Amino acid sequence: EEGESYRDIVARFVPLIEELVKIHSQSEKSILLVSHGAALRVGLSHLLINIDPRTVLSRPMPNTGYVKVEQTADGLRCVEWCGELAIDK
């Protein structure tokens with residue numbers, strides 16, 4: 001009841017990721033983001049260009065799960081979701 005809503009998570013997560021991408025867009029280095037699975041799923045559902053948002057929200061995120069994302073000219077593309085190769089929409 002007192003926790004963050006879906007919109008709260010999006011409002012906090014999406015601008016942070018967009019800012020990190022902007023700051024590091026010219027770097028060859030990787031960014032590692034550690035977060036709760038629910039926050040990752042909600043935030044990534046608004047950022048990934050190759051996976052439908054409903055699919056992102058429906059995919060499980062186990063403890064210690066990870067999502068590998070790469071920056072492309074079109075936006076952020078999921079490469080791997082918890083050990084499985086991403087399937088483009």
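1. A residue is called buried when its relative accessible area is under 20%, exposed when that value is over 50%, and partly exposed in between. The coordinates discussed in this note come from a predicted model. Threonine 55 has a relative accessible area of 32% and is therefore classed as partly exposed. This threonine 55 belongs to helix α3, and its C-alpha atom is separated by 20 Å from that of isoleucine 17, a residue 38 positions away along the chain.

2. The strands deserve a point of their own. An open sheet is formed by 3 strands, arranged in the order β1-β2-β3 with antiparallel pairing. Its edges are β1, covering residues 67–72, and β3, covering 84–85, each of which pairs on one side only. As a general matter, the strands of a sheet pair through backbone hydrogen bonds, in either a parallel or an antiparallel manner.

3. The pairing of β1 with β2 can be followed residue by residue. Strand β2 spans residues 75–81 and runs antiparallel to β1, to which it is joined by 6 bridges. Valine 67 has tryptophan 81 of β2 as its bridge partner, while glutamine 71 stands opposite leucine 76, also in β2. The connection from β1 to β2 is a hairpin that passes through 2 residues.

4. Helix α2, residues 37–44, contributes a set of buried residues, namely Ala39, Leu40, Val42, Gly43 and Leu44. What covers these buried residues of α2 includes the helices α1 and α3, the latter at residues 53–58, together with the strands β1 and β2. Helix α3 is thus mentioned twice in this note, since it is part of that cover and also holds the partly exposed threonine 55.

5. Which residues lie nearest the centre of the largest pocket? They are Ile31, Leu32, Leu33, Val67 and Val69, out of a lining of 31 residues. The elements that give two or more residues to this lining are α1 (6–24), α2 and β1. The volume of the largest pocket is about 930 Å³, and its lining divides into 16 nonpolar, 11 polar and 4 charged residues. Val67 therefore appears in two settings, as one of the residues nearest the pocket centre and as the bridge partner of tryptophan 81.

6. How many salt bridges does a search of the whole structure find? There are 3. In one of them the side chains of arginine 12 and glutamate 4 meet, with an N to O distance of 2.7 Å; glutamate 4 is partly exposed, because its relative accessibility of 44% falls between the two limits given at the start.

7. Another salt bridge brings together the side chains of arginine 54 and aspartate 52, at 3.3 Å from N to O. Arginine 54 has a relative accessibility of 65% and so counts as exposed, whereas aspartate 52, with a relative accessible area of 23%, is partly exposed.

8. A further salt bridge links glutamate 70 and arginine 77, whose closest N and O atoms are 3.9 Å apart. This distance is to be read against the cut-off, because a salt bridge requires the nitrogen to be within 4 Å of a carboxyl oxygen. Both partners are partly exposed, glutamate 70 with a relative accessible area of 37% and arginine 77 at 26% relative accessibility.

Terms used. Residues numbered from 1 in each chain as written. Predicted model: local features only at pLDDT ≥ 70, side-chain atom pairs only at ≥ 80, totals over all residues. Heavy atoms only, no water. Helix = DSSP H or I, 4+ residues; strand = E, 2+ residues; numbered from the N terminus. 1 Å grid on protein atoms, 1.4 Å probe; cavity = no way out; pocket = protein on both sides within 12 Å on 5 of 7 lines; lining within 4 Å. Points joined across faces, edges and corners; volume = space filled by probe spheres on them. Nonpolar A, V, L, I, M, F, W, Y, C, P; charged D, E, K, R; others polar. Buried < 20%, exposed > 50% of the residue type's maximum accessible area, 1.4 Å probe, protein only. Contact = heavy atoms within 4.5 Å.
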